Amino acid sequence: MELVVLGSGTVAPSAHRTAPAHWVSAGGVRLLLDCGAGMLHRAARHAVPWPDVTHVAVTHFHPDHWGELPMLLFALRWGTLPARSALLRVIGPVGFRTRMTVLAGALGDWVLEPGYPLELVEIAAGESLELSGDVRLEAWKTPHTDESLAYAVRDADAHLVYTGDTGPSDDLARWAKGCDLLLAECSLPDNRAIAIHLSPTQAGTLARAAGARRLVLTHFYPAIEATDPTSVAARAFGGEVLAANDGDRFTIGVD
Ligand SMILES: [Zn+2]
Ligand SMILES: [Zn+2]
């Protein structure tokens, strides 16, 4: 399994971090975990074959996490040659279909009928979806918004967990148990910690409780850029910690 970080930032503008988007390749699956603004241009910059996307999984409805979804749907019809004909499955929390219908009211019917097969799938915490072959997506609740989810991607060799946006949660740590790579949000420094995001120490504590093999921090607000989040998180975790940058690539599940 390979992970490419397309967006390691947030809604706060940054010259070098765009909004959350993560590309996962596993078997025949090409999955986007979140689809934040700037995703398409980052994919172009880092030579990620975005027209091959098979699935998109949205963690929650804050616009930095799915604001570029309409752009992606439009680009797959008009921004690449040949235009797409393959099915695209887009997965989101309960309420996702209703929100897509509202979006179509504003932007046009093409949001729901983009000219290629589009399937909208709602997933609830505790549920699991077969994406293709032995690649599965699992969802779990996070303390952030009413609908917010974390996702796990599993195949025979690898177990990736992406927290989406979350606050500290023992329950989330139990669900993430034994993952090979924990891709954890790390929004704010320890001295500005709040209940619905993670600080470096809280991300490290989550990784330790989950017994993660590696911790990769992402979702950095500007206030954390002046600190050293990896060192702080590593003290709480006791294992390998990396800070994601847009364009970073990680191989998961192969020693
Ligand atoms: Zn959020
Ligand atoms: Zn966010």
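In this predicted model, strand 8 and strand 9 run antiparallel and are joined by 6 bridges. Within this pairing, K141 stands opposite L149 of strand 9. Strands of a sheet pair through backbone hydrogen bonds, and the pairing can be either parallel or antiparallel.

These two strands belong to an open sheet of 7 strands, which follow one another in the order 7-8-9-10-11-12-13 and whose pairing is mixed. The edges of the sheet are formed by strand 7 (128-132) and strand 13 (240-243), each of which pairs on one side only. If direction is ignored, neighbouring strands of this sheet are turned against each other by 20° on average. Helix 8, made of residues 229-237, packs on the sheet, where it touches strand 12 (214-218) and strand 13, and its direction makes about 155° with that of strand 13.

Further along the sheet order comes strand 11, and here one may ask: how many residues of strand 11 (residues 181-185) are buried? The count is 5 of the 5, so this strand is largely enclosed by the rest of the structure. Both of its faces are covered, since L181, L183 and E185 on one side are buried, as are L182 and A184 on the other.

Strand 11 has a partner in strand 10 (residues 159-162), with which it pairs in the parallel sense over 3 bridges, and in this pairing Y162 has L183 of strand 11 as its bridge partner. To pass from strand 10 to strand 11, the chain goes through helix 5 (residues 170-175), and this β-α-β crossover is right-handed. Strand 11 also pairs with strand 12, again in the parallel sense, over 5 bridges, and there E185 stands opposite T218 of strand 12. Between strand 11 and strand 12 the chain crosses through helix 6 (residues 200-210), in another β-α-β crossover that is right-handed.

We can now turn to the metal. Which residues are the protein donors of the zinc ion (ligand 1)? They are H60, through NE2, H62, through ND1, H144, through NE2, and D165, through OD, and they lie 2.1 to 2.3 Å from the ion. The angles among these 4 donor atoms run from 91 to 165°, and the site is irregular. For comparison, the ideal angle for four tetrahedral donors at a metal is 109.5 degrees. The count as tetrahedral requires all angles to lie between 85 and 135 degrees, and the range at this zinc ion (ligand 1) reaches 165°.

Along the sequence, the donor residues of this ion are spaced H-x1-H-x81-H-x20-D. The pair H60 and H144 links distant parts of the chain, 84 residues apart: H60 lies in the loop between strand 4 (55-57) and helix 2 (63-66), and H144 in the loop between strand 8 (135-141) and strand 9 (149-154). Both H60 and H144 are buried. A second ion, the zinc ion (ligand 2), is 3.5 Å from the zinc ion (ligand 1), and D165 coordinates both.

A last stop is A26, which is found in strand 2 (residues 21-26). Is A26 buried or exposed? Its relative accessible area is 4%, so A26 is buried, the cut-off for this being under 20%. Neighbours within four places in sequence set aside, A26 is in contact with M1, V135 and D155. By contrast, the C-alpha atoms of A26 and A193, 167 residues apart along the chain, are separated by 34 Å.

Methods: Residues numbered from 1 in each chain as written. Chains lettered and ligands numbered in written order. Predicted model: local features only at pLDDT ≥ 70, side-chain atom pairs only at ≥ 80, totals over all residues. Heavy atoms only, no water. Donors = N, O, S within 2.8 Å, 3.2 Å for Na, K, Ca; no water. Tetrahedral: all angles 85-135°; square planar, octahedral: opposite > 155°, others 65-115°. Helix = DSSP H or I, 4+ residues; strand = E, 2+ residues; numbered from the N terminus. Buried < 20%, exposed > 50% of the residue type's maximum accessible area, 1.4 Å probe, protein only. Pairing = 2+ DSSP bridges. Axes fitted to C-alpha atoms, helices over the stretch in contact; angles between N-to-C directions. Contact = heavy atoms within 4.5 Å. Right-handed = clockwise from strand over helix to strand, strands pointing away.
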